[in-house]
Amino acid sequence: MSSSQAADSQTKSADQSADKKLQAMKNFAERYAQRTDTYFCVDPSVTAVVIEGLARNKEELGSPLCPCRHYEDKEAEVKATYWNCPCVPMRERKECHCMLFLTPDNEFAGDKQEIAIEEIKAVRDSMA
């Protein structure tokens, strides 16, 4: 195997791993929304960006750290667990800073608790 074939193989393997984490985070978000009677944002690109960010943080940090906040030290925040999704404000008060899980009375809440993986990937690819 040439070095370029090996590199292509590694890239493909990394892409498959990232896709699995994206699918897992999508599944988690859908189940959590259903379990907590919350809904995704009326703008599906918001949902897509947040799920993509959670999956990326899961891949890079080992935990789905909230992607909508700035952290001085992401690793320390992961260990503290406060902002790992679902974060403490969401679990305690159904307050989602990311607008991923919205209560039905929220003006930005849509009527969906599902999103297609293709929609998430299309938003991700449009931002690349």
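**Group meeting talk: a five-helix chain, starting from α5**

Okay, let's start on the outside of the last helix. If you look at α5 on the face turned away from its buried side, you'll find the exposed residues Glu118 and Ser126. Keep in mind that this is a predicted model.

Now turn to the other face. Which residues of α5 are buried? Those are Ile117, Ile120 and Val123. They all sit on the same side of α5, because the arc they cover around the axis is only 130 degrees. That fits the general picture: an α-helix has 3.6 residues a turn, so residues three or four places apart point the same way.

Let's step back for a second. The protein chain has 5 helices and 0 strands, so in order from the N terminus you just read α-α-α-α-α. Of its 128 residues, 35% are buried. And if you take the contacts with a separation of 6 or more, 65% of them are between residues 24 or more positions apart.

So what does α5 pack against? One partner is α2. On the α2 side you have Pro44, Ser45, Ala48, Val49, Ile51 and Glu52, and they meet Glu119, Ile120, Val123, Arg124 and Met127 of α5. The two axes come within 9 Å and cross at roughly 80 degrees, and therefore α2 and α5 count as roughly perpendicular.

Two of those names come back in the middle of the protein. The largest nonpolar core has 27 residues, and Ile51 and Ile120 are among those with the most contacts inside it, along with Phe40, Leu100 and Phe101. The elements giving two or more residues to this core are α1, α2 and α5.

Let me zoom in on Leu100. Setting aside neighbours within four places in sequence, Leu100 touches Ala29, Tyr39, Phe40, Cys41, Thr47, Val50, Ile51 and Leu54.

Cys41 is in that list, so let's talk cysteines. How many disulfides are there? The count is 0. For Cys41, the closest cysteine sulfur is in Cys96, 10.0 Å away, and that is too far for a bond. Cys96 isn't in a disulfide either: its nearest cysteine sulfur belongs to Cys98, at 4.9 Å, while the cut-off is 2.5 Å.

Are these two cysteines buried or exposed? Cys41 is buried, at 8% relative accessible area. Cys96 comes in at 17%, so Cys96 counts as buried too.

That's my tour, thanks for listening.

Note on methods
Residues are numbered from 1 along each chain as its sequence is written. This is a predicted model: local features need pLDDT of at least 70, side-chain atom pairs count only at pLDDT 80 or more; totals for chains, interfaces and linings use all residues. Side-chain values use heavy atoms; hydrogens and water are left out. A nonpolar core is a set of buried Ala, Val, Leu, Ile, Met, Phe, Trp, Tyr and Cys residues joined through side-chain atoms within 4.5 Å. Buried means under 20% relative accessible area, exposed over 50%, partly exposed in between (1.4 Å probe, protein chains only). Helices (H or I, at least four residues) and strands (E, at least two) are DSSP runs, numbered from the N terminus. Contact means heavy atoms within 4.5 Å. The arc is that of the directions from the helix axis to the C-beta atoms. Axes are lines fitted to C-alpha atoms, for helices over the stretch in contact, and angles run from 0 to 180 degrees between N-to-C directions. Angles under 35 degrees count as roughly parallel, over 145 as roughly antiparallel, 65 to 115 as roughly perpendicular and the rest as oblique.
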